[in-house]
Structures are given as structure tokens and as C-alpha cells.
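Thanks for making the time this morning. I would like to take you through a structure that I have been looking at, and I will keep to what can be read from the coordinates.

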Amino acid sequence: MIRGEAPVATDCQTIQEILTENGGGLERLDGAESQHLEVCPDCREVAAAERALGLLFARAIPPADRVVEERVLAALRPARIRRRIVAFLPVAASLLVALVGAVMVGGVPGSGILGLLPEFSTQGWMAFATSVSDWGAAVATGARAAANTLDPAFLAGAGLVSIFGLVGVAVTALRWRRVSLWRDDR
Amino acid sequence: MAVTKKTPQLSDERLVELSLDGDEGAFGVLVRRYQRRLTAFLSQLVGDMELARELSQEAFVRAWSALERFNPKYRFSTWLFRIAHNLGIDQLRRRRLLTTPLYRTDSEGDEVEVVVPDLDKDPLGHLENQALASELREVIDGLRPEYRELVLLRHFGGLSYQEIADFTEMPLGTVKNKLFRAHSVLRKALTEFL
């Protein structure tokens with residue numbers, strides 16, 4: 001309630017709501033509201049109480065705890081590995097789709113690679129290089145053979161699946177790169 | 001770009017972007033920025049300081065693990081507090097299954113649950129003035145649940161009115177009105193300390 005004769009354009013509740021929102025600060029009051037405050041002891045009392053309440057709550061917040069921060073940062077490490085695995089799953093799925101599409105079209109990986117790759121020997125890598133070359137030749141030959149025997153619509157579909165898979169690999173790999181082990185800019 | 005302790009002034013949004021690029025230092029800045037307030041909020045929510053520390057840690061780990069799913073059109077603070085709030089509520093539900101709650105009538109005639117504090121784990125135990133701690137505990141616990149949550153978010157979580165509105169999915173005007181009413185109760189109950 002206003003005690004005084006000064007004309008005011010605002011009511012106590014509006015001003016007290018502003019004071020409550022701003023912790024009793026007067027900065028957000030416009031001219032008429034400030035004028036109101038000058039002549040209204042109730043609103044001034046609320047402003048003072050809100051400032052005191054703000055200080056009281058500030059004291060009630062426990063101090064920062066470095067131990068918790070360190071525990072949190074330490075706990076992020078296992079989560080980082082999970083993130084990498086989860087981020088790689090779409091890449092793997094897209095690769096699979098691309099491979100299935102390629103096989104459907106007629107591309108068959110060189111036979112030698114499948115038996116030798118797990119050994120990671122020099123011979124294996126040589127076989128891998130040869131197989132890549134074989135694979136290219138096999139794709140071309142297979143595609144020509146398949147084109148003569150399979151329904152063109154099926155071939156077109158398989159081609160699309162493969163392209164879709166390759167696009168998927170590109171898109172998901174970009175996303176995965178953000179959290180992969182191979183980032184070089186940290 | 002790796003974020004160091006020298007760049008804590010970056011916005012939450014930028015720090016989230018850098019964290020998504022695998023920069024743990026950026027996420028560390030977010031942890032330092034929110035850990036104190038998040039723990040304070042959780043400690044009042046669950047009434048146990050040690051449990052609040054654990055839940056706060058869990059909230060950050062969950063946020064880090066799910067960062068790809070964070071929608072940047074929302075505020076990081078709101079998202080983080082929602083994760084923490086859900087963890088706190090789950091914890092309270094679990095505890096409720098093991099205990100029988102006590103109720104009392106609040107200032108507006110509604111029944112509210114009585115939280116009996118374990119003084120060893122008291123979230124206000126750091127206050128030197130134990131009379132104030134006791135009164136504050138009683139006043140906060142005695143608030144209507146809808147007011148209490150807003151007061152915790154505002155004064156312990158340090159969220160702005162707009163962030164609280166986003167968090168609770170209430171119109172901003174409703175948040176203002178409810179906090180105004182809650183503060184009226186707080187001012188009256190804590191008069192001797194103001």
C-alpha cells in the first residue's frame with residue numbers, strides 16, 4: 001500500500017514481482033516504478049528483504065568441491081571409449097550396406113585376402129593389395145556377367161544400395177571422426 | 001582447438017560444440033561451471049550431501065555420453081539439470097520403497113512429506129549458524145512441492161526465470177507468479193534472519 005501523495009502508475013504486486021525476480025535489485029525498475037518505491041514502505045521493505053534473502057541463499061550453497069570435479073573428469077574416460085564405440089556403429093553399418101550392395105551387383109573380394117588378413121604379415125598385406133586389384137577386376141567382370149543374367153531392375157537396386165551405403169559411410173565417418181582415436185588436432 | 005583453464009569465458013553452446021569435437025577440456029570447463037550449483041540443487045532435492053555428489057558426477061557422465069543427442073536449440077543448463085533432476089527423483093523413489101514417509105500439513109493446509117535430515121550428510125551442514133540452517137531446512141521442506149522445486153532451481157541451481165520456465169515447461173508468467181508466492185512465504189518464515 002502506498003503512503004504518500006505522489007501519483008504512481010504501477011501497483012505494489014508488479015513492483016514486488018520485479019524485485020523478487022531481481023533479488024531486490026532496483027536496476028530493472030523504470031521511472032514510475034522507482035518513484036513508487038520512494039513513497040511505498042511496503043515495497044522498500046520487500047526490496048531489502050529480497051536482498052537479504054539472496055545473501056542468505058548464497059551462503060546456503062556449499063563451497064565448490066574440487067574432489068567432485070576431479071572425480072567427474074576421471075569418470076569421463078570410460079565414457080569416452082563407449083562414445084567412440086557407439087559413434088563407430090553407424091559407420092560399420094554403412095560399410096556393411098555398401099558391401100552387401102557391391103556383392104549383389106557382382107563385386108566379389110579376392111579369395112586370398114580373407115584367409116590371410118588376420119595374420120597381418122607382409123605376405124598378407126601384399127595379398128591385400130593384390131586382392132584390391134582383383135576385387136576391381138572382379139567387380140567389372142561380375143557386373144558384366146550379372147548384367148547378362150540378372151533382372152536389370154535388381155541390378156539397379158543393388159547399385160543404389162551400394163551407393164547409399166557409401167554415402168552413409170562418408171556421412172557417419174565425418175561424425176565419428178570427431179571422437180575417433182585418429183584425431184590429430186589435440 | 002583445445003580448451004584450457006584460460007578460456008572459461010566461452011559460452012555453453014561453444015563449449016558443447018568443442019566437447020562434441022572430442023575436447024574434454026571444454027567439457028571440463030562446463031563441469032567447473034555447473035558442478036557447485038548442480039550439487040547444491042541435488043543436495044536439497046535428495047537431502048543428502050554425499051549422495052548429491054555422486055548423483056552430480058553421474059549427471060555429468062550421462063551428459064557427456066549423450067552429448068550427440070543434445071539439441072542445441074535448448075540450453076545446456078536446462079538439459080543438464082533435467083538429467084540431474086531425473087536422477088534425483090529416481091533416487092527418491094527408490095528410497096521411498098524402502099521407507100515409510102511421514103507427512104505434515106504446510107502453511108496452505110496441504111500435506112507435504114517430512115524429510116528427516118541425516119545431520120552427518122546435511123546439505124546445510126557447512127553453515128556456521130546452525131539455527132539458520134535448521135530454520136532454512138524446515139522452511140524449504142515445508143514449501144508446497146511446486147514452489148519448492150522452483151526455489152531449489154532458482155536459488156541452489158542458480159537458473160534464471162527463463163531457464164526454469166524451459167525446465168519445467170511452464171509459461172514464464174506462471175514461474176514468476178509461483179516464485180513470487182514462494183518468496184512471500186520465505187520472507188515471512190525467515191524474518192528473523194533477514
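I will go through the two chains, then the contact between them, then the core, and finally one loop residue.

Please keep in mind throughout that this is a predicted model.

Let me begin with chain A, whose secondary structure comes to seven helices and zero strands, so to speak a plain run of α elements from the N terminus on. Of its 186 residues, 19% count as buried, and among the contacts in chain A between residues at least 6 apart in sequence, 69% join residues at least 24 apart.

Chain B, by comparison, has eight helices and two strands, and if you follow the chain from its N terminus the order reads α-α-α-α-β-β-α-α-α-α. Here 37% of the 194 residues count as buried, while 59% of the contacts between residues at least 6 apart in sequence join residues at least 24 apart.

Now to the place where the chains touch. The contact takes 31 residues from chain A and 39 residues from chain B. On the chain A side, the elements that give two or more residues are helix 1 (12-21), helix 3 (41-60) and helix 4 (66-105), and the largest share, ten residues, comes from helix 4 of chain A. Sorted by class, that side of chain A has 17 nonpolar, two polar and twelve charged residues.

Which residues are buried in helix 1 of chain A? They are Ile15(A), Gln16(A), Ile18(A), Leu19(A) and Thr20(A), and the buried residues of this helix pack against helix 2 (31-39) and helix 3 of chain A, together with helix 8 (172-189) of chain B. Just after helix 1 of chain A comes Gly23(A), which takes a positive phi of about 60°.

Turning to the start of chain B, helix 1 (residues 12-20) and helix 2 (residues 24-46) of that chain pack at an angle of about 140°, with their axes 7 Å apart, and their crossing is left-handed. From helix 1 of chain B, Asp12(B), Leu15(B), Leu18(B) and Ser19(B) meet Ala26(B), Phe27(B), Val29(B) and Leu30(B) in helix 2 of chain B; by class, this contact has six nonpolar, one polar and one charged residues.

That brings me to the largest nonpolar core, which has 61 residues, and in which Phe41(B), Leu80(B) and Ala84(B) have the most contacts. Helix 2 of chain B gives the largest share of this core, twelve residues, and the core also draws at least three residues from each of domain 1 (12-60) and domain 2 (67-177) of chain A. What is Phe41(B) in contact with, leaving aside its neighbours within four places in sequence? The partners are Phe81(B), Ala84(B), Leu152(B), Leu153(B), Phe156(B) and Gly157(B).

Finally, a residue in a loop: Arg144(B) has its place between helix 5 (130-142) and helix 6 (145-156) of chain B. Arg144(B) counts as partly exposed because 17 other C-beta atoms lie within 10 Å, whereas a buried residue would need 20 or more and an exposed one 12 or fewer. Arg144(B) and Asp110(B) are 34 residues apart in sequence, yet 7.6 Å apart in space, C-alpha to C-alpha.

That is where I will stop, and I am glad to go back to any part of it.

How values were computed
Residues numbered from 1 in each chain as written. Chains lettered and ligands numbered in written order. Predicted model: local features only at pLDDT ≥ 70, side-chain atom pairs only at ≥ 80, totals over all residues. Contact = placed C-beta atoms within 7 Å. Helix = DSSP H or I, 4+ residues; strand = E, 2+ residues; numbered from the N terminus. Nonpolar A, V, L, I, M, F, W, Y, C, P; charged D, E, K, R; others polar. Axes fitted to C-alpha atoms, helices over the stretch in contact; angles between N-to-C directions. Left-handed = near helix turned anticlockwise from the far one by under 90°. Core = buried A, V, L, I, M, F, W, Y, C linked by C-beta atoms within 7 Å. Domains from an automatic or database assignment.
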